[in-house]
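I'm opening my notebook on a structure I haven't looked at before. I want to start with the ligand and work outwards.

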Amino acid sequence: MNFIVLTIFPEMFNPFWDHGIVHRGISCNKISASTINIRDFGKGRHRVTDDRPYGGGCGMVMKPEPLAGAIREAQKKTPFSKTICLTPQGRVFNQRIAREFAALEGLVLVCGRYEGMDERILHDFIDYEISIGDYILTGGEIAAMVVIDAVTRLIPGILGGADSAEKDSFSDDLLEHAHFTRPRTFEGEAVPEVLLSGNHREIEKWRVETALIRTFLKRQDLLEKRVLSNQEIEILKKWCRDIETIVQAQSLRGADTLSGG
Ligand code: ADE
């Protein structure tokens with residue numbers, strides 16, 4: 001996978017390339033990562049990259065010529081890549097899109113600044129517009145880092161554990177189960193007994209159950225979209241029966257509860 005980032009702040013990426021998963025990917029030649037300074041394609045002594053908007057209004061717009069020059073240069077270096085633009089107006093990035101991107105040969109990531117870029121660049125040079133969420137950043141650089149990090153960790157052979165990426169939260173629209181490590185008791189709270197039992201079937205069952213509970217409590221929307229397995233349906237039905245039992249016991253005692261007895 002080749003990542004080429006087009007930005008007017010290439011220095012922002014030096015520490016990013018030098019740490020963590022991206023650094024590991026570069027070191028083991030699973031990815032290549034570089035920047036192109038859009039300013040290098042700007043005209044004149046000041047290499048201007050922005051200008052006032054036609055029609056008036058506040059803010060500046062990224063000029064098309066430097067962007068086009070930088071994108072062409074990137075596409076020359078990695079011709080089979082897709083070109084994405086980081087913008088709050090794009091499709092909201094998620095794990096599914098990360099997986100799609102991880103299967104590509106390369107990504108050219110164009111970081112917008114100011115009020116945005118000249119619309120003709122979006123029409124003629126960009127394959128996908130991507131947002132990392134419904135909020136406005138001052139530029140696309142941090143969004144590009146988010147995308148690169150999420151994609152890099154999906155590239156086979158980069159993460160440590162053989163199947164860590166497959167078991168991630170969201171990889172199958174279910175949040176991941178709870179995790180515990182030593183000490184056995186922390187500030188009075190003990191690790192669930194089943195995890196110490198050595199019974200792998202029971203541990204797996206517990207993991208599925210806690211994954212379902214977490215998803216239900218934190219992200220019900222994911223559970224609604226998910227195609228449930230038979231095991232998951234059985235677990236959910238059991239909760240329904242248990243809850244029903246509790247509710248029925250309460251309603252039988254309802255009069256007592258209301259009178260505070
Ligand atoms: N640029 C500014 N805000 C952004 C966002 N939310 N996602 C991607 N790029 C951006």
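**Around the ligand**

I first listed the residues around the ligand, those with a heavy atom within 4 Å of it: Leu86, Thr87, Pro88, Ile130, Ser131, Ile132, Gly133, Tyr135, Ile136, Leu137, Gly139 and Ala143. Before going on, I noted that this is a predicted model, where local features need pLDDT of at least 70, side-chain atom pairs count only at pLDDT 80 or more, and totals for chains, interfaces and linings use all residues. Residues are numbered from 1 along each chain as its sequence is written, and side-chain values use heavy atoms, with hydrogens and water left out.

I sorted that shell by type and got eight nonpolar, four polar and no charged residues; Gly counts as polar here, and Tyr and Pro as nonpolar.

**Strands**

Which strand gives the most to the shell? I found that strand 5 does, with three residues. Strand 5 (82–92) and strand 7 (128–131) each supply at least two; strands are DSSP runs (E, at least two residues), numbered from the N terminus.

**Backbone contacts**

I then looked for polar contacts (N or O atoms within 3.5 Å of each other). A ligand nitrogen lies 2.8 Å from a polar backbone atom of Tyr135. For Gly133, I read 3.1 Å from a polar backbone atom to a ligand nitrogen. At Ile132, a backbone N or O atom is 2.9 Å from a nitrogen of the ligand. Taken alone, the ligand exposes 270 Å², and the protein buries 96% of that (Shrake-Rupley method, 1.4 Å probe).

**Domains**

Last, I checked the domain assignment, automatic or from a database: domain 1 is 2–152 and domain 2 is 189–259. Their C-alpha centres lie 44 Å apart.

How values were computed. A polar contact is a pair of N or O atoms within 3.5 Å; within protein, one must be able to donate a hydrogen and the other to accept it, and residues adjacent in sequence count only if both atoms are side-chain atoms. Helices (H or I, at least four residues) and strands (E, at least two) are DSSP runs, numbered from the N terminus.
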